[in-house]
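Hello,

Here is the structure I promised to pass on to you. Have a look at it first, and then read on for my notes.

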Amino acid sequence: MGKVIGIDLGTTNSCVSVVENNVPVIIPGTSGSMTTPSVVAFTKKGERLVGESARRQAVTNPDRTISSVKRHMGTNWSVKIDGTEYKSQTISAMILRQLKKDAEEFLGETVTDAVITVPAYFNDIQRQATKDAGRIAGLNVKRIINEPTSAALSYGLNHGEAQKVMVYDLGGGTFDVSIIEIGDGVVEVLATAGDNHLGGDDFDERIVQWIVQNFRNEYHVDLNKDFAAMQRVRDSAERTKKELSSSGTSHIVLPYLTQVKGEAVHMDMTLTRAKFEELISDLVARTEEPVRNALNDARINPAQLGRVLLVGGSTRIPAIQDKVRQMTGKEPSKNINPDECVAKGAAILGSTLQGNGLVAAGTGKDLLLLDVTPMSLSIETVGGVATRLVERNTTLPTRYSRIFSTAAPYQRTVEIHVLQGERPMARDNKTIGKFKLKGIKSAPAGVPQIEVTFDIDANGILKVSARDLDTGKEQSITITANDRMSEEEINQAMADAQQYAGLDQVRREAMEVLNDSQSLLGKAEQAVKNAGKQLDKPVKKQVKADIGRLRKLVAKCRLDKVTEAEVTEMRAAKTQLENSAAGLV
Ligand code: AMP
């Protein structure tokens, strides 16, 4: 049986882990670092880059570089590049495919099974989109698990005592707070709350705006209009933010940032930690309400918390740690790595799902993982009211049925409008599905009995069904959520990804041969020139002919359309020139 990898598919960075010899270890990315930037780029030559290489070229290729795609999961967002439309699932799949590849190289075997983490606050559509991304990447997603649960899992291993723990997770784009009960082999999520549009990206943006404003004051130039300059500003804003986590001031120096009246302008500014804290104070304060809600929902007060865990890169910010201290009255635990614990927890769950005992020092027990629904689920009833079927923070898996009836006399069809959210009116909640139940027995209003069932599996994925109890007939129903990818689209994306994997390989090889050929051509041409008349005529003739042939193939080669046959031909021509010019270059 192959290994199950644990993947933390983050907004800014992703991380992959696997259990080896009973210990979760982090799998390094291609650049050797423990996390991989969640960035995808399409170069102008038709190459796809993922991770560090994509992040590095973002400044010079901003409109073809995609970062923070997680923020778009489960929405209609798409990006069009070279005439092809990519949805968020497809872009995420490219990141996942890279992580899968890294894991395969690390383990020396094929990897297909994975556990992927999502923010606890992700709704059903976002979870499904994440699962779909896994499928597109060629992964069998065994479980979707909430990030804080995953973190607690890796934490729970080191610390056996039963306790209630707050996981405060502030990453690049999302904020989650969860109250978790860690018991003897049981990890139960008691409550979750959060904000899936709050994180380090927002802090970066505050610094960016501060820079733009200062620049405007000084040079009367709007940097927003200079795309390349803005990319550099964004990059340096993040660096500055990180620096301010450990020092009181940070210098932002960007030489040749832009041009003003034909003159190059260099930027040199200093941001203090105090000013930074002022710039983000309202954002930091926004984490208060979810913390209060989670504590209320778990029916505990901060004094009952055993520990407070910090997860996500943004919790390294001192102002955030102060806020956590102030809200909980506790010193946050720092003995877990905020970047790695989520992936490690997922790897532990993966290993457990394979039938291994819980990877915990000395326990060897099976792990029971109880998760909860992050938001209430309801359907729309008369007057636009959202009638709850499943309350927020219900333990998963769960199944709940309720009987509804018709509102109008002799109504033959009812529309079931499935909603997610806490608001009393349907229109204020998020629509996650709609379907029609047809063929209801003709009867006065209120007589037919329609049983609506909500079924949520352990991944937090919801299935809704409806049955007409009067006729006893079960209707087959499909939930159509526009935001979700259809089966057809997923299959198409999977086929594309597979096809692309082959194409990618050919392109990579072509690029290698092309680079080598170009350097060989340069050397050979120079050598022929240098040797002049000293060179034997037949040799010279042969080398020149081989140069000509290779040069022609190189000129003809288009990386976005290159075929395997062309690569083979070019490689042969290169070998031929290497042989004929052997004594020269
Ligand atoms: P994550 O999604 O958990 O990988 O968190 C990524 C976010 O953490 C990004 O916005 C990073 O800029 C931020 N981050 C990483 N290290 C630090 C640090 N030392 N200080 C402040 N923010 C950081």
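**Around the ligand**

A polar side-chain atom of K241 lies 2.7 Å from an oxygen atom of the ligand. Please keep in mind that this is a predicted model.

Two glycines also make polar approaches through their backbones. For G172, a backbone N or O atom is 3.1 Å from a ligand oxygen, and for G313 a polar backbone atom is likewise 3.1 Å from an oxygen atom of the ligand. On its own the ligand would expose 500 Å², and the protein buries 88% of that.

Which residues come nearest? Out of the 14 around the ligand, they are G172, E238, K241, S245 and G313. Sorted by class, this shell holds nine polar, four charged and one nonpolar residue. Helix α6, spanning residues 227–243, is the biggest contributor to the shell, with three residues.

**Nonpolar cores**

The largest nonpolar core has 50 residues, and the members touching the most others are Y168, I179, I211 and L223. Helix α5 (residues 200–219) supplies the largest share of this core, seven residues.

If you would like one residue to start from, try I179. Leaving aside residues up to four places away in sequence, I179 touches V165, M166, E188, V189, L190 and A191, and also A294, L295, A298, I300 and L305.

There is also a second, separate core, made up of 35 residues, with I7, F42, I116 and I136 among them.

Happy to talk any of this through.

Best wishes

Methods:
Residues numbered from 1 in each chain as written. Predicted model: local features only at pLDDT ≥ 70, side-chain atom pairs only at ≥ 80, totals over all residues. Heavy atoms only, no water. Near = heavy atom within 4 Å. Polar contact = N/O pair within 3.5 Å; in protein donor to acceptor, adjacent residues only side chain to side chain. Areas by Shrake-Rupley, 256 points an atom, 1.4 Å probe, with all protein chains shown as cover. Helix = DSSP H or I, 4+ residues; strand = E, 2+ residues; numbered from the N terminus. Nonpolar A, V, L, I, M, F, W, Y, C, P; charged D, E, K, R; others polar. Core = buried A, V, L, I, M, F, W, Y, C linked by side-chain atoms within 4.5 Å. Buried < 20%, exposed > 50% of the residue type's maximum accessible area, 1.4 Å probe, protein only. Contact = heavy atoms within 4.5 Å.
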